[in-house]
Amino acid sequence: MNRDNTEICPCCNSEYIKDLPADAYFYDCCEDCSFWIEKLYLPEQYQNKQVIVNGIHYLISNSSIKGYAGAKFKIKFFDGRVIKTSNLWQQGRIPQHFRSILKDNAVFIKTRVAPTYAYDDIPF
Ligand SMILES: [Zn+2]
């Protein structure tokens, strides 16, 4: 194995192989941490569409393919907004070391609880 591109992630202190294009990494953090750092800097069209409930990260989408097969969710944000969506996508459980900066911001209202995908089953 070529170990020349081995790095230590400054976020989680894990050793990782840096083998993706440079723009895949934020602040030299590993892929997993970079994925979550990206959620701190979402493009403007996703502002107010970021939903974090019980440490699980979701985005409300406008995509033609609907998240959760178009299941309807009613979401109450801690800022007072209440929205309904039939296009919610889950990105996964936020690692513990990101929970203080990616905090819960909403709850689901009287809907079924969104299922949690296993890591390998995240639909995109
Ligand atoms: Zn990391």
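**Exercise 1. Locate Asp-79 in this predicted model and decide whether Asp-79 is buried or exposed.**

*Solution.* Start with the chain position: Asp-79 lies in the loop between E5 and E6. Next, take its relative accessibility, which is 55%. The cut-off for exposed is over 50%, so Asp-79 counts as exposed. Now look for side-chain partners: a polar contact of 2.9 Å links the side chain of Asp-79 to that of Arg-81. Finally, turn to a residue further along the sequence. Asn-105 is 26 residues away from Asp-79, and their C-alpha atoms are 7.9 Å apart.

**Exercise 2. Work out how the strands on either side of that loop are arranged: in which sense do E5 and E6 pair?**

*Solution.* First set the limits: E5 covers residues 73-77 and E6 covers residues 82-85. The two strands pair in the antiparallel sense, over four bridges. To check the register, find Ile-75, which stands opposite Ile-83 in E6. Then follow the connection: four residues separate the strands, and together E5 and E6 form a hairpin. One last detail is in the turn, where Gly-80 has a positive phi of about 105°.

**Exercise 3. Describe the surroundings of Gln-50: which residues is Gln-50 in contact with, leaving aside its neighbours within four places in sequence?**

*Solution.* Begin with the element: Gln-50 belongs to strand E3, residues 50-53. With those sequence neighbours set aside, the contacts of Gln-50 are Lys-39, Leu-42, His-57, Tyr-58, Leu-59, Phe-77, Leu-102 and Asn-105. Among them, His-57 deserves a second look, as its side chain makes a polar contact of 2.9 Å with the side chain of Gln-50. Asn-105 should also be familiar, from its 7.9 Å C-alpha distance to Asp-79.

**Exercise 4. Classify Leu-40 by accessibility and find the nonpolar surface patch that Leu-40 helps to make.**

*Solution.* Leu-40 is in the loop between helix H1 (31-38) and E3. Its relative accessibility is 34%. Since partly exposed runs between the 20% and 50% limits, Leu-40 counts as partly exposed. The patch is made by Leu-40 with Tyr-27, Tyr-41 and Ile-101, and has an area of about 450 Å².

**Exercise 5. Step back to the whole chain: how many helices and strands does the chain have?**

*Solution.* Count the elements and you should reach one helix and eight strands. Their order from the N terminus is β-β-α-β-β-β-β-β-β. Then consider burial: 33% of the 124 residues are buried. For the surface, the chain exposes about 7,900 Å², with 51% supplied by carbon and sulfur atoms. To finish, take the contacts with a separation of 6 or more: 52% of them join residues 24 or more positions apart.

Technical notes. Residues are numbered from 1 along each chain as its sequence is written. This is a predicted model: local features need pLDDT of at least 70, side-chain atom pairs count only at pLDDT 80 or more; totals for chains, interfaces and linings use all residues. Side-chain values use heavy atoms; hydrogens and water are left out. Two strands pair if DSSP finds at least two bridges between them. Buried means under 20% relative accessible area, exposed over 50%, partly exposed in between (1.4 Å probe, protein chains only). Contact means heavy atoms within 4.5 Å. Accessible areas come from the Shrake-Rupley method with a 1.4 Å probe; for residues, only the protein chains shown count as cover. A polar contact is a pair of N or O atoms within 3.5 Å; within protein, one must be able to donate a hydrogen and the other to accept it, and residues adjacent in sequence count only if both atoms are side-chain atoms. Patches are made of residues with over 30% relative accessible area and no salt bridge: like charges are joined within 9 Å, nonpolar side chains (Val, Leu, Ile, Met, Phe, Trp, Tyr) within 5 Å. A salt bridge is a side-chain nitrogen of Lys or Arg within 4 Å of a carboxyl oxygen of Asp or Glu.
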